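Colleague: Walk me through this model, please. I would like to start with the sheet and end with a pocket.

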Amino acid sequence: ETGLCQHVQALGRFGTTAFLVPMYGSGELSQAFCRSAAVHGGTYLLRRAPKRVVTDKESCVSGIVLGGDDTTYFEGCTEDKEIFSKHVVVPNHALADSGSRGRHLMRRISVVQGRLLLEYTEQRHVLIIPPGDVDNANVIFGVLLDSGVMIAPSGCSVLHLSTISDDGKDDFALERAIHQLRVHEMYHVVFSYPLSDERLEIPKGLHMCRPAGESLVID
């Protein structure tokens, strides 16, 4: 009932449908976009990575170049192919210097055993670790979800930790946070992606998606 009310309240806020938040990963978002694209006459192409954006003499987007695919899935599609389009959407880091570290959002996703807060049966909490508490330069945000939401085995929980690294090199702040929380970590994965602050001069028709950083919302 609560989930239904939240869905109804979200209708019309971000378009004609409710805003979706993935709990089990982001794979369903691409599938939803694929189906939406088909309804509106779009084409969803797999295993062909874009290599560059093409512009005309007026510095307006005219299309993209897709790299050839040499796998057995698409035999004969080994040559690059230009796709004509007046609008192209890319992530902001696609145009950034790949050799530059800069500010990064650091993520650590862990499967932990037992209860983090012993006084609560349900382990569904939002955590905030202030700067300096575990020798961290920036605040660490955490979200803990237990097996009651069907994302972990019984008796286990999934802990998401995130923080910003100003130089993209401090990969151990989140590991220190795990030790500080004194949880039994059974498995973890660590990754990061850049947060570019630079305002690039981009051609007309090129739209850049900028990550929201480590902003955290409860509802």
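**Sheet and pocket**

Modeller: Start with the hairpin of β1 and β2, which has five residues between the strands. Ser59 there takes a positive phi near 60°. The model is predicted, so to say: local features need pLDDT of at least 70, side-chain atom pairs count only at pLDDT 80 or more, and totals for chains, interfaces and linings use all residues. Residues are numbered from 1 along each chain as its sequence is written, and side-chain values use heavy atoms, without hydrogens and water.

Colleague: How many bridges join β1 to β2?

Modeller: Strands are DSSP runs (E, at least two residues; helices are H or I, at least four), numbered from the N terminus. Two strands pair if DSSP finds at least two bridges between them. β1 (residues 50-55) and β2 (residues 61-66) run antiparallel, and the bridges joining them number five.

Colleague: Why is one side of β1 and of β3 left without a neighbour in the sheet?

Modeller: The open sheet has three strands in the order β1-β2-β3, with antiparallel pairing. β1 and β3 (81-84) stand at the edges, so each has a single partner strand.

Colleague: Which residues lie nearest the centre of the second largest pocket?

Modeller: A pocket is an open set of points on a 1 Å grid over the protein atoms alone, where a 1.4 Å probe fits, with protein on both sides within 12 Å along at least five of seven lines. Lining residues have an atom within 4 Å of a point. Of the 26 that line this pocket, those nearest its centre are Pro50, Ile64, Leu66, Val88 and Val89.
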